[in-house]
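Visitor: I am new to this structure. Please take me through one part of it closely, the salt bridges and what lies around them.

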Amino acid sequence: MDLRNDLIELINTEITLDPSVPVEGNTDLLLTGLVDSLGVVELVGWLEERVGTEIDPIDVVLENFQTVDQMVAFASRIEVR
């Protein structure tokens with residue numbers, strides 16, 4: 001399974017606050033308001049389940065969750081811890 005495509009599908013179908021704006025890998029999710037704080041909580045839980053590890057709340061920052069591509073890069077870093 002492809003984490004990037006799965007995240008894009010999840011956001012586009014279940015999390016986005018504006019379904020008329022298609023989310024892609026480099027779409028800014030947070031500063032545009034496409035994803036709110038509850039959406040971030042959902043994404044964190046989904047990623048934790050997907051990679052099989054708990055995400056430290058200190059890691060839930062803009063640099064790791066602003067775009068799908070940033071989440072994928074972050075997930076690859078936490079998988080190797």
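Guide: Start with a definition. Buried means under 20% relative accessible area, exposed means over 50%, and partly exposed is in between. Keep in mind that this is a predicted model.

Now apply the cut-offs. Arginine 50 has 28% relative accessibility, so arginine 50 counts as partly exposed. Its partner is aspartate 6. The two side chains meet in a salt bridge, at 2.8 Å from N to O. This pair links distant parts of the chain: aspartate 6 sits in helix 1 and arginine 50 in helix 2, 44 residues apart. Aspartate 6 has a relative accessibility of 19%, so aspartate 6 counts as buried.

How many salt bridges are there by this rule? The count is two. The other one joins aspartate 69 and arginine 4, side chain to side chain, at 2.7 Å from N to O. Again the pair links distant parts of the chain. Aspartate 69 belongs to helix 4, residues 68-79, and arginine 4 to helix 1, with their positions 65 residues apart. Aspartate 69 is partly exposed because its relative accessibility is 33%. Arginine 4 also comes out at 33%, so arginine 4 counts as partly exposed.

Stay with helix 1 for a moment. Glutamate 14 lies there too. Is glutamate 14 buried or exposed? Its relative accessible area is 58%, so glutamate 14 is exposed. Glu14 belongs to a patch of negative charge on the surface. Glu9, Asp36 and Glu42 gather there with Glu14.

Next, follow the chain into the loop between helix 1 (3-15) and helix 2 (37-51). Proline 19 has its place in that loop. With 66% relative accessibility, proline 19 counts as exposed. Proline 19 and valine 72 are 53 residues apart in sequence. In space, their C-alpha atoms are 22 Å apart.

Last, look at the loop between helix 3 (62-65) and helix 4. Threonine 67 lies in this loop. Its relative accessibility is 10%, so threonine 67 counts as buried. Which residues does threonine 67 contact, leaving aside neighbours within four places in sequence? They are Gly25, Asn26, Thr27, Asp28 and Leu29.

To sum up, one salt bridge joins helix 1 to helix 2 through aspartate 6 and arginine 50. The other joins helix 1 to helix 4 through arginine 4 and aspartate 69.

Terms used:
Residues are numbered from 1 along each chain as its sequence is written. This is a predicted model: local features need pLDDT of at least 70, side-chain atom pairs count only at pLDDT 80 or more; totals for chains, interfaces and linings use all residues. Side-chain values use heavy atoms; hydrogens and water are left out. Helices (H or I, at least four residues) and strands (E, at least two) are DSSP runs, numbered from the N terminus. Buried means under 20% relative accessible area, exposed over 50%, partly exposed in between (1.4 Å probe, protein chains only). Patches are made of residues with over 30% relative accessible area and no salt bridge: like charges are joined within 9 Å, nonpolar side chains (Val, Leu, Ile, Met, Phe, Trp, Tyr) within 5 Å. Accessible areas come from the Shrake-Rupley method with a 1.4 Å probe; for residues, only the protein chains shown count as cover. A salt bridge is a side-chain nitrogen of Lys or Arg within 4 Å of a carboxyl oxygen of Asp or Glu. Lys and Arg count as positive and Asp and Glu as negative; His and the chain ends are not counted. The place of a charge is taken as NZ of Lys, CZ of Arg, CG of Asp or CD of Glu. Contact means heavy atoms within 4.5 Å.
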